[in-house]
Amino acid sequence: MTIATTLPHVNAALNLLAFLLLLTGFALVRSGRKGAHKVAMASAVAVSAVFLVSYLIYHFTSPIVMFKGGGILRMAYYGVMVSHVLLATLVTPMVIMTALRAIRGETERHRALARWTLPLWLYVSFTGVLVYYMLYLMYPGAG
Ligand code: HEM
């Protein structure tokens with residue numbers, strides 16, 4: 001067991017957990033449970049921060065894994081992967097701003113930004129799992 005063989009699975013699990021926490025946090029605030037919304041969203045931020053550290057460790061220590069499929073699947077993979085990376089870069093400062101506005105009690109401004117942050121973040125965490133699936137589970141042994 002090495003970093004290169006272990007961390008991709010850990011990272012995918014963290015992405016999945018963040019995705020589920022975001023859905024939970026959204027459902028909670030829609031049902032008026034603001035305290036529980038805060039806990040779920042703070043947990044999503046913490047899980048994503050751990051993911052970011054783990055992701056950087058992985059990419060600084062491990063070789064790049066190429067997608068093994070061809071044809072339309074290969075195009076789909078690169079489409080998903082590139083959009084995932086670009087939107088992950090965009091959403092990171094948005095998450096920080098969204099959380100800061102909530103902590104400062106700027107509820108209306110928090111809501112306004114959160115309407116963009118939430119769908120983007122959901123897309124990024126979901127496609128993180130999808131990229132993992134396409135890279136490691138569709139073609140076992142590829143990693
Ligand atoms: C950064 C992660 C967060 C995201 C993505 C997020 C997302 C959202 C969304 C989408 C709404 C609007 C729901 C609607 O339109 O009905 C909302 C509302 C709200 N959030 Fe967050 N939230 C986050 C963190 C937090 C934190 C850390 C707190 C508390 C400190 C918080 C407190 C609230 C409150 C008080 C509301 C307004 C509820 C209301 O009066 O309508 N949120 N959030």
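**Four helices around a ligand**

Trainee: Which element gives the largest share of the shell around the ligand?

Mentor: That is α4, with seven residues, where helices are DSSP runs of H or I with at least four residues and strands are runs of E with at least two, numbered from the N terminus. This is a predicted model, in which local features need pLDDT of at least 70 and side-chain atom pairs pLDDT 80 or more, while totals for chains, interfaces and linings use all residues. Residues are numbered from 1 along each chain as its sequence is written.

Trainee: OK, and how many residues surround the ligand?

Mentor: There are 21, and the closest are Lys38, Met41, Ala99, Ala102 and Ala114 (near means a C-beta atom, placed from the backbone, within 6 Å). Two or more residues of the shell come from each of α1, α2, α3 and α4.

Trainee: How many helices and strands in total?

Mentor: The protein has four helices and zero strands, and its C-alpha atoms fill a box of roughly 50 × 35 × 25 Å along the principal axes.

Trainee: New topic: what does Val91 touch further along the sequence?

Mentor: Leaving aside neighbours within four places in sequence, Val91 is in contact with Thr117, Leu120, Trp121 and Val124, contact being C-beta atoms, placed from the backbone, within 7 Å.

Trainee: And what share of the residues is buried?

Mentor: Buried residues make up 24% of the 143 in the protein, a buried residue having 20 or more other C-beta atoms within 10 Å of its own, with C-beta atoms placed from the backbone.

Conventions
Two residues are in contact if their C-beta atoms, placed from the backbone, lie within 7 Å. A residue is buried if 20 or more other C-beta atoms lie within 10 Å of its own, exposed if 12 or fewer, and partly exposed in between; C-beta atoms are placed from the backbone.
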